[in-house]
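User: Please examine the model shown below and answer some questions on its pockets and cysteines.

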Amino acid sequence: MSFPEGFVWGAATAAFQVEGATTADGRTKSIWDTFCEVPGAVVGGDTGEPAADHYYRVESDVQLMADLGLHAYRFSTAWPRVRPDAGPVNQAGLDFYSRLVDALLEKGITPWLTLYHWDLPQTLEDKGGWANRDTAYRFAEYAESVVGALGDRVVNWTTLNEPWCSSFLSYAAGVHAPGRQEPEAAVAAVHHLLLGHGLAVEAIRAQQTDAKVGITLNMYPIIPADPEDPADLDAARRLDGLQNRIFLDPLFKGEYPEDVVQDLTPYGFTKHIRENDLEIISTPLDQLGVNYYAEHFVSAKPAEPAPVAEGRRPTGSPWVGAEHVSFPSRGLPRTDMDWEVEPDGLKKVLVRVAREYTDIPLYVTENGAAYPDAIGDDGSIADIDRLNYIDGHLRAAWEAIQEGVDLRGYFAWSLMDNFEWAEGYAKRFGIVHVDYETQVRTPKMSAMWYSKVARGNALAATAAS
């Protein structure tokens with residue numbers, strides 16, 4: 001099962017999840033530094049220090065990528081490192097990313113840079129965060145600073161990673177930083193994130209004519225539990241609007257879906273949309289990143305309230321206007337995150353985007369799974385569940401290509417074990433194991449298998465076992 005010539009094989013991380021060095025060289029607090037201090041917000045009271053200590057291990061980590069035969073490395077720059085407190089440029093912060101980019105290029109690895117992977121400077125959150133329109137303009141300034149420093153060597157730019165998470169999960173559910181449970185703020189954040197994206201695209205192109213610019217969305221098929229039940233159909237419509245269409249439609253059609261606007265009007269959504277905003281948001285893109293982990297199987301029947309785990313803070317629903325929905329089990333295998341494993345969902349997402357929205361190149365910018373790895377007596381990690389997960393999803397991606405989808409690359413999530421947001425260090429997504437006591441890296445079985453796939457640009461005819 002060969003992939004197209006030039007297909008990009010990579011792995012991904014995010015700054016706050018791997019870098020550590022949260023107070024080094026002028027970096028100031030992000031919303032995640034603050035959130036980690038909230039009792040019960042993060043499992044085990046874990047913080048972003050030292051994470052995977054990537055800040056101090058750049059050279060050896062890049063060598064590890066080269067040893068695995070990776071073509072590209074998707075990483076994010078930390079806003080509070082580059083422009084601490086959203087103020088003037090911090091040269092020491094930019095120098096770190098310059099060293100990273102140079103190290104990658106020296107090894108023949110393409111840097112794939114994400115400007116925002118959720119680490120908003122706390123100073124901006126104190127002024128309202130993404131619920132404040134001004135944050136979109138501050139983001140464009142930050143983007144301009146990064147492109148000015150790295151645009152001579154970086155071609156592939158992603159503005160935002162998963163704006164669904166940094167709006168609904170962060171401002172409505174309170175599961176992620178800043179931990180607010182304010183539906184009105186969440187819908188404002190949606191629009192301001194997209195506006196910030198559009199402004200950043202303009203800022204990038206104003207400085208770099210050869211830039212390839214995109215955004216990364218986490219998209220999932222939304223499936224009604226009972227397709228004959230009008231209530232379940234409406235629940236699926238609402239969730240598809242909140243998860244997928246509220247981002248895809250303004251980006252590629254220059255408008256918000258009418259039904260979603262109606263659903264969110266009680267929360268003041270329309271008052272945030274000003275003249276020319278949608279023109280800015282729908283600025284044509286060069287590529288689109290797709291993050292996929294699971295399908296959503298949804299019912300309109302409310303679920304029993306889940307008990308709050310001991311020591312954790314209560315959180316709400318991210319589904320603004322559809323807080324009552326539930327997600328019944330289909331009896332499918334589940335990952336350590338309790339997410340269903342359904343590779344065919346990736347194919348559905350890719351085909352839908354290509355047929356309904358855009359013909360620009362697509363990249364799977366995140367896909368992977370957390371499992372409780374066991375270390376063998378010889379120090380090896382036989383993570384067969386993760387290997388099978390990636391294998392199954394790559395087969396789904398290959399099938400999408402056969403159906404005409406212009407898919408040009410795949411990035412495994414994640415390169416290495418790291419700080420998994422509200423789950424702290426309790427969940428491991430890496431294809432490379434990190435011993436958090438010693439920071440020793442050990443490629444897992446999945447890494448060695450993935451390396452072979454990347455080098456051969458093909459999957460075996462039969463699935464891994």
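User: Which helices each supply at least two residues of the lining of the second largest pocket, and which gives the most?

Analyst: This is a predicted model in which local features need pLDDT of at least 70, side-chain atom pairs count only at pLDDT 80 or more, and totals for chains, interfaces and linings use all residues. Residues are numbered from 1 along each chain as its sequence is written, and side-chain values use heavy atoms, without hydrogens and water. Helices are DSSP runs (H or I, at least four residues) numbered from the N terminus; helix 10 (230-253) and helix 13 (344-356) each supply at least two lining residues. With 4 residues, the most is given by helix 13.

User: How many residues of each class are in the lining of the second largest pocket?

Analyst: Among the lining residues are Met 219, Pro 221, Asp 240, Asn 244, Lys 348 and Arg 352. Ala, Val, Leu, Ile, Met, Phe, Trp, Tyr, Cys and Pro count as nonpolar, Asp, Glu, Lys and Arg as charged, and the others, Gly among them, as polar. The lining has 7 nonpolar, 1 polar and 3 charged residues.

User: How many disulfides does the structure hold?

Analyst: A disulfide requires two cysteine sulfur atoms within 2.5 Å. The closest cysteine sulfur to that of Cys 36 belongs to Cys 165 and is 16 Å away, too far for a bond. The structure holds 0 disulfides.

User: Is Cys 165 buried or exposed?

Analyst: Buried means under 20% relative accessible area, exposed over 50%, and partly exposed in between (1.4 Å probe, protein chains only). Cys 165 has a relative accessible area of 5%, so Cys 165 is buried.

Note on methods: 1 Å grid on protein atoms, 1.4 Å probe; cavity = no way out; pocket = protein on both sides within 12 Å on 5 of 7 lines; lining within 4 Å.
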